[in-house]
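I'm opening my notebook on this one and writing down what I look up as I go. Helices come before rings and cysteines.

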Amino acid sequence: DARFWAGLCPENLGNLDGMSHPLVVGYKGFTTDFDPELTFPRGDKDFFEHLRYAIEQVAKTKTRKPSAWHCEDPMLFDNNAKSAGRSWAYADWRPAQSEYKMAERIIGFARDADARVHICHSSTPATFNNVRSYEGATTEVTWHHATFDKYDMANDKRLKMNPPLRDITMMEKMRGLLRSGLVPIGTDHAPHTLDEKEGDNQ
């Protein structure tokens, strides 16, 4: 069976119940500039209040389906690492803390609203620990975050992804979580072209 996330953005917060098709499991939002149509206003000083409001609105829907979030905070990206020239610079540019700190905020907003929330494709143990702190939160680990580490990017540009691969220690911990049965396996649901993978760090 296939199910879908409905896109969550500022323009559709007033029509969430109208988007609640039986095949829709919830509403997915992005905290990065993945897609201009699915991005909350990053430059706004009240950016986090926009995220809080979105989670509150999803919690008020008739079906009480969860919101799901791609968690990365661009304010924590390391631009010095991006320009370092290493094959794994893309991973260092988007450090682990940009994910787990954003996940911590999202889960805090969900807790305040008594809302269900899903953190997509956790790539760090700290993100998983944030999820475990709130019974209304869930997550998954992708097979690639539990199989490859950032140094593998030197041999295969197809391993460029968001959130990026982590170091060996984090990868092994994520693999351990899968083996323990504490978290389910997920898939990469945002495919990109090979040209995009082989391009400059973006």
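**Entry 1: a helix**

I began with helix H4 (residues 96-113), which has 18 residues and reaches 26 Å from its first C-alpha to its last, close to the 26 Å expected at 1.5 Å a residue. The expected span is 1.5 Å times one less than the number of residues in the helix. My helices (H or I, at least four residues) and strands (E, at least two) are DSSP runs, numbered from the N terminus.

A note to self on the source: this is a predicted model, where local features need pLDDT of at least 70 and side-chain atom pairs count only at pLDDT 80 or more, while totals for chains, interfaces and linings use all residues. Residues are numbered from 1 along each chain as its sequence is written, and side-chain values use heavy atoms, with hydrogens and water left out.

Next I checked which residues of H4 are buried (under 20% relative accessible area; exposed is over 50%, partly exposed in between; 1.4 Å probe, protein chains only). The buried ones include Ala96, Met102, Ile106, Ile107 and Phe109. What covers the buried residues of H4? I found H1, S3 and helix H6 (168-180) among the covering elements, counting contact as heavy atoms within 4.5 Å.

**Entry 2: odd backbone spots**

Right after H4 comes Asp114, with a positive phi near 50°. Asp114 is in the loop between H4 and S4 and is exposed, at 54% relative accessible area.

I found another positive phi at Arg64, near 55°, and this residue is not a glycine either. Arg64 sits in the loop between H1 and S3 and is partly exposed, with a relative accessible area of 34%.

I also looked at Asn162 and Pro163, which are joined by a cis peptide bond with omega about -10°. Pro163 is in the loop between strand S6 (141-142) and H6.

**Entry 3: rings**

How many aromatic pairs does the structure hold? I got 5. Rings of Phe, Tyr and Trp (its six-membered ring) pair if their centres lie within 6.5 Å; planes under 30 degrees apart are stacked, over 60 edge-to-face, and the rest tilted.

I picked Phe77 and Trp93: their ring centres are 5.3 Å apart and the planes are at 65°, so I wrote down edge-to-face. Phe77 is in the loop between strand S3 (67-70) and helix H2 (79-82), and Trp93 in helix H3 (residues 89-93), so the pair ties together parts that are 16 residues apart in sequence. Phe77 and Trp93 are both buried. Ring pairs join Phe77, Tyr90 and Trp93 into a cluster.

Then I looked for charges over rings (NZ of Lys or CZ of Arg within 6 Å of the ring centre and within 35 degrees of the ring normal). The charged end of Lys160 is over the ring of Tyr90, 4.9 Å from its centre. Arg105 lies over the face of Phe48, at 3.7 Å from the ring centre.

**Entry 4: cysteines**

A disulfide is a covalent bond between the sulfur atoms of two cysteines. I used the cut-off of sulfur atoms within 2.5 Å and counted 0 disulfides. Why is Cys120 not bonded to Cys71? The sulfur of Cys71 is the closest cysteine sulfur to that of Cys120, but at 7.6 Å it is too far for a bond. Cys71 is buried at 3% relative accessible area, and Cys120 is buried with 3% as well.
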